[in-house]
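User: I would like a close look at a single part of this model, with its surroundings described in connected prose.

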Amino acid sequence: MEHISIPLFVGKHVLIVEDEYFLADETRRKLEAAGAIVIGPVAAVKAALDLLDTEKIDGAILDIHLGDELVFPVAEELERRDIPFVFATGYDPSALPLKFTGFSLCEKPAELSYIANALFGRGGADLH
């Protein structure tokens, strides 16, 4: 894979919460090529919450639907810890609870430069 350094990702610890294996692996590979340190990917809420307690996390990319559970407990914990995150999903934005409607939402497959700006760019702090 071509190395496509994205300065905003370089050295950042990015958690991937995604239950679709091939998409999670592709995102991991792209983030690593962009200079990020990938945490995960994980496919369940409990696994993601466990990583929040044991790993350094600078930002997160969250799929909304993880099998039969929703990722919102992870989003709430990230928000509580003031860690930026984006929702990457193929679902309509109306799937988000009102509490999260101001958060960045990316369609799958997500454009990494957009995610980098949403998480770590100047506008990233305004997301939550």
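In which strand is Pro 41 found? Please set that strand in the context of the cores and the paired strands of the chain.

Analyst: Pro 41 is found in strand β2 of this predicted model. A cis peptide bond joins Gly 40 to Pro 41, with omega at about 5 degrees. Strand β2 itself covers residues 37-42 and supplies at least two residues of the largest nonpolar core.

That core has 23 residues, and the members that touch the most others are Leu 15, Val 17, Leu 62, Val 74, Leu 78, Phe 85 and Phe 87. Besides β2, at least two residues each come from β1 (13-17), α2 (45-54), β3 (59-62), α3 (72-80) and β6 (85-88). A second core, separate from this one, has 17 residues, and Ala 34, Ile 61, Val 86 and Ala 116 are among them. In soluble globular proteins, nonpolar side chains tend to be buried together.

Strand β3 deserves attention next. Both of its faces are covered: Gly 59 and Ile 61 are buried on one side, while Ala 60 and Leu 62 are buried on the other. Leu 62 belongs to the largest core, whereas Ile 61 belongs to the second.

The pairing of β3 can be followed in both β1 and β6. Strands β1 and β3 run parallel and are joined by four bridges; Val 14 stands opposite Gly 59 of β3. Strands β3 and β6 also run parallel, joined by three bridges. Here Ile 61 has Val 86 in β6 as its bridge partner, and both residues are members of the second core.

Ahead of β6 lies the loop that follows α3, and Asp 82 has its place there. Asp 82 has a positive phi of about 60 degrees, although it is not a glycine. With a relative accessible area of 59%, above the 50% cut-off, Asp 82 counts as exposed.

For the wider setting, the protein chain contains four helices and seven strands. From the N terminus on, their order is β-α-β-α-β-β-β-α-β-β-α. Of the 128 residues in the protein chain, 46% are buried. Among contacts with a separation of 6 or more, 65% are between residues 24 or more positions apart. The protein chain exposes about 6600 Å², of which carbon and sulfur atoms supply 52%.

Methods. Residues are numbered from 1 along each chain as its sequence is written. This is a predicted model: local features need pLDDT of at least 70, side-chain atom pairs count only at pLDDT 80 or more; totals for chains, interfaces and linings use all residues. Side-chain values use heavy atoms; hydrogens and water are left out. A nonpolar core is a set of buried Ala, Val, Leu, Ile, Met, Phe, Trp, Tyr and Cys residues joined through side-chain atoms within 4.5 Å. Buried means under 20% relative accessible area, exposed over 50%, partly exposed in between (1.4 Å probe, protein chains only). Contact means heavy atoms within 4.5 Å. Accessible areas come from the Shrake-Rupley method with a 1.4 Å probe; for residues, only the protein chains shown count as cover. Two strands pair if DSSP finds at least two bridges between them.
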